[in-house]
Structures are given as structure tokens and as C-alpha cells.
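Open the model in your viewer and keep the sequence panel in sight. We'll go from stop to stop, selecting a few things at each.

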Amino acid sequence: MDLFVLRHGIAGTRGSPEYPNDDERPLTPKGVRRMVDQVRGLNTLDVSLDVILTSPLVRAAETAKIVHQGLDNPGQLVTSDTLKPTGDPERLIEKLAMNYTSSSSVMIVGHEPYLSGLVSLLVTGDPEPAIRLKKGALCKLRIFAARYGRCGWIEWALTPKQMSKLA
């Protein structure tokens, strides 16, 4: 399975009085514009998905919706509590193994440091983050069997700027 790991785009400021509930912090207008550009870049790479799994938090859900609307072959859009910042990576991996083993490509959209820890776990077996995904960054993993621990490798990783330049 190809597992695309996407961190949400640029969002409102954490702790801002405008968003007393952090779960409701949306993408900024700049974050929306950049994500739209980045999706154009993904289309030049012929990224095709069977499913997009997203955190229910507003900034991640908005990011996933932009990908879903802009990608030529986006697949199904599904919200998953396992991708919340407080989610359990083991439960996410179980969900992937139980529901998406027949899928050839899945994208997950979520938050830091959860995503970096997940990538590290799947690539090295150690959940201690060995990488850091910037807002809007995308990492493509090749997973040979969805399981907790080392089960794949990084095929490529792109910064938001690199994705936009592909467009």
C-alpha cells in the first residue's frame, strides 16, 4: 500500500482568543491558497487515492476537503478520530489493516507530532519522531503490511513549496 501522510495546512494561531476551542481552529486564507496550489502539484505526480482519512479537527478536515475536491482521483473521504492529535497510532494502524488492506493508496491528514511519530514508527519501528513535517508537507510511504512497528519505507517527502512548484 502507498500511504500518503499529509500535515494540515497553515491554520489560525494556537491559543488565539478567536478560537478558544483548539479543535475549531481553521485554515487561514493563505493556508487555503497554498493547499490548493499544492494539490495542483500532486496532480502533476498523478497521485491517485482510494481513500483519504482525516482528523475531524477543522484545520485537518478543511485540508482533506481541498485535496478531495482538487485531486483528479481522490477516492473516498472519511473522518477518523484515530487521527486526532490525541489519537492512538496503534488503533489507526489496526484500522488500516482491517479496512484498507485491499486499497493500493491511502492518504491520512492530521497533526504534529502525531504524524512524524507515526512515520518514524512505520519506517524504523521507533515511535520517537525522526522527522518533522512542516504544515502542508507530504510524505509517501510504501507499506508492505500495515502493522505496529517497522513495516515500510519512505519513498519520498515533499515540502509545501516543492509541491507548489510542481504545479
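A word on labels before you click: helices (H or I, at least four residues) and strands (E, at least two) are DSSP runs, numbered from the N terminus. This is a predicted model, in which local features need pLDDT of at least 70 and side-chain atom pairs count only at pLDDT 80 or more, while totals for chains, interfaces and linings use all residues. Residues are numbered from 1 along each chain as its sequence is written, and side-chain values use heavy atoms, with hydrogens and water left out.

**Stop 1: helix H4 and its two ends**

Select residues 114-124, which make up helix H4. Nine of the eleven residues there are buried, so H4 is largely enclosed by the rest of the structure. Here buried means under 20% relative accessible area, exposed means over 50%, and partly exposed is in between (1.4 Å probe, protein chains only). The buried set runs through Tyr114, Leu115, Ser116, Gly117, Leu118, Val119, Ser120, Leu121 and Leu122.

What do the buried residues of H4 pack against? Show strand S1 (2-7), helix H3 (89-99), strand S4 (105-110), strand S5 (138-143) and strand S6 (152-158), and you have the answer. Contact, on this tour, means heavy atoms within 4.5 Å.

Now look at what flanks the helix. Gly125, just after H4, takes a positive phi of about 90°. Before H4, in the loop that follows S4, find Pro113. The peptide bond joining Glu112 and Pro113 is cis, with omega about 0°. For background, most residues other than glycine have a negative phi, and most peptide bonds are trans.

**Stop 2: H3 across H4**

Keep H4 on screen and add H3. Their axes come within 11 Å and cross at roughly 65°. Axes are lines fitted to C-alpha atoms, for helices over the stretch in contact, and angles run from 0 to 180 degrees between N-to-C directions. Show side chains for Pro89, Leu92 and Ile93 of H3, then Tyr114, Leu118, Leu121 and Leu122 of H4: these make the contact. Sorted by type, the contact residues are seven nonpolar, no polar and no charged. The sorting counts Ala, Val, Leu, Ile, Met, Phe, Trp, Tyr, Cys and Pro as nonpolar, Asp, Glu, Lys and Arg as charged, and the others, Gly among them, as polar.

**Stop 3: H1 against H2**

Next, select helix H1 (residues 29-44) and helix H2 (residues 58-70), which pack at about 40° with axes 9 Å apart. That makes H1 oblique to H2 (angles under 35 degrees count as roughly parallel, over 145 as roughly antiparallel, 65 to 115 as roughly perpendicular and the rest as oblique). From H1, Val32, Met35, Val36, Val39 and Asn43 meet Thr63, Ile66, Val67 and Gly70 of H2. This contact divides into six nonpolar residues, three polar and no charged.

**Stop 4: Asp37 and Asp46**

Stay on H1 and pick Asp37, which is partly exposed at 30% relative accessible area. Its side chain makes a polar contact of 2.6 Å with that of Arg40. A polar contact is a pair of N or O atoms within 3.5 Å; within protein, one must be able to donate a hydrogen and the other to accept it, and residues adjacent in sequence count only if both atoms are side-chain atoms.

How far apart in space are Asp37 and Ala167, C-alpha to C-alpha? The distance is 6.8 Å, with their places 130 residues apart in sequence. Beyond neighbours within four places in sequence, Asp37 is in contact with Met163, Ser164 and Ala167.

Move on to Asp46, in the loop between H1 and strand S2 (51-54). Asp46 has a positive phi of about 55° although it is not a glycine, and it is exposed, at 65% relative accessible area.

**Stop 5: two buried charged side chains**

Arg25 sits in the loop between S1 and H1. Is Arg25 buried or exposed? At 5% relative accessibility, Arg25 counts as buried. Its side chain has a polar atom 2.6 Å from the backbone oxygen of Gly12, and a polar contact of 2.6 Å joins it to the side chain of Asp22.

Finish at Asp2 in strand S1, buried at 12% relative accessible area. The side chains of Asp2 and Arg142 share a polar contact of 3.3 Å. Leaving aside neighbours within four places in sequence, the residues in contact with Asp2 include Ser104, Val106, Lys140 and Glu155.
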